[in-house]
Amino acid sequence: MTEKGFIKIDRNILNWRWYHDLNTFKVFIHLLFKANYKDSEFKKHTIKRGQLVTGRKALSKELAPSKITVNAVA
């Protein structure tokens with residue numbers, strides 16, 4: 001995965017009901033940045049643009065919250 005490029009975020013995100021929940025917002029933004037920008041393969045499955053393969057343990061490791069916090073958001 002490349003770490004080049006950008007994402008667009010609409011200013012209406014300020015009105016999103018989870019905007020002020022810092023853990024949820026952090027996970028959401030992280031997932032946006034980690035999502036594929038083009039189709040790729042993972043274990044013989046096509047992972048399309050905008051999708052990603054992850055799990056609770058990977059998110060905990062990448063974001064450093066507790067597993068309980070990730071469980072509550074996932």
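In the predicted model, ring pairs join Trp 16, Tyr 19, Phe 25 and Phe 28 into a cluster. The structure holds three aromatic pairs, and two of these are described here in turn. A pair of aromatic rings is described by the distance of the centres and the angle of the planes.

For Trp 16 and Phe 28, the ring centres lie 4.7 Å apart and the planes meet at 45°, so that this pair is classed as tilted, given that angles under 30 degrees would count as stacked and those over 60 as edge-to-face. Because Trp 16 belongs to the segment before helix H1, which spans 22–34, while Phe 28 belongs to helix H1, the pair ties together parts that are twelve residues apart in sequence. With regard to solvent, Trp 16 has a relative accessibility of 26% and counts as partly exposed, and Phe 28, at 32% relative accessibility, likewise counts as partly exposed.

For Tyr 19 and Phe 25, the ring centres are 5.1 Å apart and the planes stand at 70°, so this pair is edge-to-face. The relative accessibility of Tyr 19 is 25%, which places Tyr 19 among the partly exposed residues, and Phe 25, with a relative accessibility of 21%, is also counted as partly exposed; the limit under which a residue would count as buried is 20%.

Phe 28 takes part in a further feature of the model, for together with Ile 7, Ile 9, Leu 32 and Phe 33 the residue makes a nonpolar surface patch of about 410 Å². Of these residues, Ile 7 lies in the segment before H1, and its relative accessibility of 30% means that Ile 7 counts as partly exposed. Phe 28 thus has a place both in the cluster of rings and in the nonpolar patch.

These local features belong to a protein whose secondary structure comprises three helices and two strands, arranged along the sequence in the pattern α-β-β-α-α. Of the 74 residues of the protein, 16% count as buried, and the accessible surface amounts to about 6,500 Å², with 54% of that surface belonging to carbon and sulfur atoms. When contacts between residues at least 6 apart in sequence are considered, 27% of them join residues that are at least 24 apart.

Methods
Residues numbered from 1 in each chain as written. Predicted model: local features only at pLDDT ≥ 70, side-chain atom pairs only at ≥ 80, totals over all residues. Heavy atoms only, no water. Helix = DSSP H or I, 4+ residues; strand = E, 2+ residues; numbered from the N terminus. Buried < 20%, exposed > 50% of the residue type's maximum accessible area, 1.4 Å probe, protein only. Contact = heavy atoms within 4.5 Å. Areas by Shrake-Rupley, 256 points an atom, 1.4 Å probe, with all protein chains shown as cover. Phe/Tyr/Trp six-rings, centres within 6.5 Å; stacked < 30°, edge-to-face > 60°. Patch = residues over 30% accessible without salt bridge, like charges linked within 9 Å, V, L, I, M, F, W, Y side chains within 5 Å. Salt bridge = Lys/Arg side-chain N within 4 Å of Asp/Glu carboxyl O.
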